[in-house]
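Me: I would like a close look at a single part of this structure. Please take me through one helix and its partners, step by step.

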Amino acid sequence: MADIITKPVELGFSEFVSKLISDTFEAVISSSISQEEDWSQLDELLALDIDVFTSMVVDNEMIENELIRLFPNEEGGTAIAKDANYTKANPEKQVAESPPIETLTGYKPRGNKLTENDVLEITLGVKKQLGEKQYEVLSKVFSKGATKVIVDAGKINAKLNFSILQESENGGSGGSGGDPPPDFSKRIFVNRGIGRFGGLSRPIEMKGVHFFVKPPSDADPQTHSVKANIYGEVEIQFKTIR
């Protein structure tokens with residue numbers, strides 16, 4: 001049988017609370033630092049030439065998704081591919097451009113089928129459009145001033161669940177070797193949040209009573225394993241400042 005724990009501090013509750021508070025504090029500080037870094041990086045990005053800016057914020061996946069959105073085919077992909085059919089617009093004969101490459105990008109293929117150069121030019125045109133849109137959006141956000149989210153209020157709760165087991169009169173603890181089992185009808189379950197432990201005094205009425213840990217989810221009263229159920233709750237309120 002595991003040794004009986006007689007002091008709550010032996011559960012490591014103090015260390016748990018200390019770690020909970022320090023980690024919460026570090027998370028708040030790290031968030032503030034990240035916000036400052038993000039605004040600094042945004043300022044640097046917007047100071048770049050539009051072509052350099054585009055190369056840094058627009059990747060191939062974004063371009064591919066935009067091509068699929070602008071020029072979808074029947075298979076769920078894009079109609080912009082080498083040797084793909086292309087129909088020029090002819091207003092006199094009421095023929096619409098298909099796919100609408102010139103309408104959406106300003107680039108006009110020469111033949112009835114797309115060449116490798118056509119695909120490259122269309123891709124570059126779409127990339128340029130994406131870069132310009134990103135630059136415009138970020139510029140509007142930056143022009144409104146640095147917006148920061150800070151912690152306004154909150155609380156930290158640390159809780160410990162435990163139970164108390166009273167031994168039988170002959171001092172048996174219910175172990176192996178013929179010892180009588182403990183009287184589980186005298187088990188007292190306690191569920192409380194404790195902020196600080198300074199040890200437990202033992203009044204005369206509590207003689208023969210030992211403190212030990214038992215998770216509230218353990219439904220088997222014959223279990224002798226010693227376990228602790230310690231957990232923390234962090235509630236934080238935020239506000240936005242400029």
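Reply: What follows is a walk along helix α5 and the side chains that meet there.

Keep in mind that this is a predicted model. Start with the helix itself. Helix α5 covers residues 116-143. That is 28 residues, and the helix reaches 41 Å from its first C-alpha to its last. The span expected at 1.5 Å a residue is 40 Å, so the two values are close. Just past α5 comes glycine 145, with a positive phi of about 100°.

Now look at what is hidden. The buried residues of α5 are Asp118, Val119, Ile122, Gly125, Val126, Leu130 and Gly131. They pack against α2, α3 and α4. Helix α3 spans 60-70, and α4 spans 101-105.

Next come the rings. The whole structure holds 2 aromatic pairs. One joins tryptophan 39 to phenylalanine 142. Their ring centres are 5.9 Å apart. Their planes meet at 45°, so this pair is tilted. Tryptophan 39 sits in helix α1 (residues 13-46), and phenylalanine 142 sits in α5. The pair therefore ties together parts that are 103 residues apart in sequence. Is each ring buried or partly exposed? Tryptophan 39 is buried, because its relative accessible area is 16% and the cut-off for buried is under 20%. Phenylalanine 142 has 30%, so this residue counts as partly exposed.

The other pair is phenylalanine 53 with tyrosine 135. Here the centres are 5.1 Å apart. The planes stand at 90°, which makes the pair edge-to-face. Phenylalanine 53 belongs to helix α2 (residues 50-57), while tyrosine 135 belongs to α5. So this pair links parts 82 residues apart in sequence. Phenylalanine 53 is buried, with 0% relative accessibility. Tyrosine 135 is partly exposed at 27%.

Finally, turn to charges in α3, a helix that the buried residues of α5 pack against. Glutamate 66 and arginine 69 meet there in a salt bridge, at 2.7 Å from N to O. Both residues lie in α3, 3 residues apart, which is about one turn of the helix. Glutamate 66 is buried, at 10% relative accessible area. Arginine 69 is exposed, at 52%. Salt bridges with shared partners join Glu66, Arg69 and Lys133 into one network.

To pull this together: α5 supplies phenylalanine 142 to a pair with α1. The same helix, α5, supplies tyrosine 135 to a pair with α2. Its buried residues pack against α2, α3 and α4.

Methods
Residues numbered from 1 in each chain as written. Predicted model: local features only at pLDDT ≥ 70, side-chain atom pairs only at ≥ 80, totals over all residues. Heavy atoms only, no water. Phe/Tyr/Trp six-rings, centres within 6.5 Å; stacked < 30°, edge-to-face > 60°. Helix = DSSP H or I, 4+ residues; strand = E, 2+ residues; numbered from the N terminus. Buried < 20%, exposed > 50% of the residue type's maximum accessible area, 1.4 Å probe, protein only. Contact = heavy atoms within 4.5 Å. Salt bridge = Lys/Arg side-chain N within 4 Å of Asp/Glu carboxyl O.
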